[in-house]
Amino acid sequence: MDTFTQIVLSGLTLGAMYALSAIGLSLVWGSLNMLNMAHGALLTLGGYASFAAITQMGLPLFAGLLGAMAVGLLVGLAIYAAVVRFMLTDPAFETNIIVASFGLAIILENVILKLFGAYPFTQPFALKSGLYIGAVHMPYQNLFIIVGSAALMMATAWVITNTRMGRAIRATAQNREGAELMGVSVNLVFAQVLAIGGMLAAVSGVMLSSITTLAPTMGYDPMLKAFIIVVIAGLGNTMGALYAAFILALFEVSVQYMLGVRFGFPALLLLVIIALIWRPDGVFMKPKAQRQ
Amino acid sequence: MPDPLLALEDVSAGYQGNQVLKGLSLAVPEGALVTIIGPNGHGKSTLLRCVSGLVRTTRGTIRLRDTPLHRLKPNEIVAAGVVHIPQGDMLFPDMTVRDNLLMGAYLPAAFANGRQRLEEIFVLLPVLAERRRQIASTLSGGERRMLAIGRGLMSVGRILLIDEPSLGLAPIAIDQIYAAIAGLKRSGRTILLVEENATRVLDLADMVYLLDNGQMVWQGAPRDLASRQELLATYLGG
């Protein structure tokens with residue numbers, strides 16, 4: 001029983017980390033068809049912003065989190081203002097932005113390297129102690145991450161589904177010219193989405209670094225996992241990304257326990273390949289019933 | 001003649017160096033239904049796309065009263081009061097009928113009364129009420145057209161531009177759509193309507209423009225056009 005509990009708790013924690021990695025990427029890619037290769041760097045930036053606010057400026061823990069959110073939001077806006085708005089009307093936007101955002105990622109990573117050095121740090125934003133579920137110890141920080149990631153995902157999905165801004169974002173993604181004819185400023189929508197995406201990435205970076213370590217390259221692995229989750233869930237399906245994150249993590253942890261740690265990630269990739277052959281548009285996307 | 005609500009003066013426009021509109025002028029008085037008819041592919045839709053800013057003019061001016069529309073972006077033109085119901089509908093295919101309609105009330109002036117307006121649209125176009133939770137891409141052609149018109153009516157624009165409302169539809173759907181347009185005219189809305197099927201619009205229109213090869217070749221009252229058999233035969237095959 002304790003083994004089962006351990007697998008479930010480890011799977012939920014890993015799933016929450018995957019979900020956190022995927023939130024911002026899912027929002028930006030799904031709503032703007034923009035694969036933001038700087039997403040991993042934004043995660044890293046959030047982690048370091050919290051570290052600087054708490055350790056170097058002496059701010060309280062949650063002020064550090066708010067500081068990271070502010071930095072993520074501002075850098076998201078800066079990405080829009082400095083790069084995206086000049087490329088928006090280009091027919092090859094979706095391809096060009098991959099290259100441009102990859103360049104931005106390299107710049108951000110090097111700025112962090114210059115400011116903080118390559119030596120890894122411990123994220124100060126971490127809750128102490130924990131509780132026992134049976135014989136299994138569950139740190140409060142892990143619980144905070146599980147609940148926090150689910151809450152962030154649901155809040156993002158709610159905003160996109162139910163608010164005026166969310167409708168404008170979906171409309172712009174589905175028919176940019178049609179959205180303009182409704183009075184939507186496409187430039188404003190892109191700026192909003194990149195700001196929110198940057199903020200979500202920063203929060204994710206703080207939480208992820210709290211149970212791993214803070215290093216300039218910490219964003220690469222979450223970015224890869226986020227990419228897999230977003231594709232599996234279906235582009236723009238934020239709630240689907242939440243389900244996919246937890247299902248894939250539980251699967252990976254189970255394989256690691258039964259066959260060995262080194263088989264976890266290859267088994268995960270095998271599952272992803274099978275899933276994409278079965279449902280190329282994403283496992284959680286409804287099949288399109290287009291009337292002729 | 002009082003100042004028109006919408007006035008185009010010497011407008012030229014086109015796509016990638018190919019000139020489609022060649023110095024045309026047009027006036028739409030407030031409260032009138034003005035229709036543009038003419039052969040397929042001669043610039044009728046381009047004219048509406050110029051007014052709503054989707055195609056930039058290369059010469060001439062477009063004014064909504066004192067506002068020069070030709071200098072504005074599409075979203076700014078909508079904010080000025082122009083509502084464009086385009087050919088091909090431009091719906092949001094993965095959104096529900098209700099959400100598509102609510103997008104019509106996106107701007108703050110309309111958003112405040114969006115829920116109330118939604119109920120009014122459901123009364124005016126009952127088929128949309130039945131389909132309110134349905135995804136737009138699963139609607140029939142006639143229902144999609146109704147949705148595009150309903151979405152346009154959700155806004156509080158000063159002029160409605162409607163492009164080919166009967167295109168590709170079954171006769172019963174065309175009847176329903178023209179009944180809705182007639183209702184709009186009775187309520188005093190200003191409408192600029194593009195239509196290839198001249199017989200459908202001559203009973204409704206206050207003024208008719210005949211567009212051929214990017215130029216206005218005739219303008220006048222519908223009854224005058226009905227008596228000009230040579231024009232009908234040359235440009236409209238009838």
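Trainee: What should helix 10 of chain A span, and how far apart are its end C-alpha atoms?

Mentor: Keep in mind that this is a predicted model. Helix 10 of chain A runs over residues 238-259, which is 22 residues. At 1.5 Å a residue it should span 32 Å, and that agrees with the distance between its end C-alpha atoms, 31 Å.

Trainee: Which residue follows helix 10 of chain A, and what is its phi?

Mentor: Step just past the end of helix 10 of chain A and you land on a glycine with a positive phi. That's Gly260(A), with phi near 125°.

Trainee: How do helix 5 and helix 10 of chain A run, roughly parallel or roughly antiparallel?

Mentor: Helix 5 covers residues 140-162 of chain A, and its axis lies 8 Å from that of helix 10 of chain A. The two pack at an angle of about 160°. Angles over 145 degrees count as roughly antiparallel, so helix 5 of chain A is, relative to helix 10 of chain A, roughly antiparallel.

Trainee: How many charged residues are in the contact of helix 5 with helix 10 of chain A?

Mentor: Helix 5 of chain A brings residues including Met153(A) and Ile160(A), while helix 10 of chain A brings, among them, Met239(A) and Leu242(A). By class, the contact has seven nonpolar and two polar residues, and the number of charged ones is zero: there are no charged residues.

Trainee: Which element gives the most to the side of chain A that touches chain B?

Mentor: On that side, 19 residues of chain A are in contact with 25 of chain B. Helix 6 (164-174) and helix 7 (176-181) of chain A each give two or more residues. With six residues, the one that gives the most is helix 6 of chain A.

Definitions and conventions. Residues are numbered from 1 along each chain as its sequence is written. Chains are lettered from A and ligands numbered from 1 in the order in which they are written. This is a predicted model: local features need pLDDT of at least 70, side-chain atom pairs count only at pLDDT 80 or more; totals for chains, interfaces and linings use all residues. Helices (H or I, at least four residues) and strands (E, at least two) are DSSP runs, numbered from the N terminus. The expected span of a helix is 1.5 Å times one less than its number of residues. Two residues are in contact if their C-beta atoms, placed from the backbone, lie within 7 Å. Axes are lines fitted to C-alpha atoms, for helices over the stretch in contact, and angles run from 0 to 180 degrees between N-to-C directions. Angles under 35 degrees count as roughly parallel, over 145 as roughly antiparallel, 65 to 115 as roughly perpendicular and the rest as oblique. Ala, Val, Leu, Ile, Met, Phe, Trp, Tyr, Cys and Pro count as nonpolar, Asp, Glu, Lys and Arg as charged, and the others, Gly among them, as polar.
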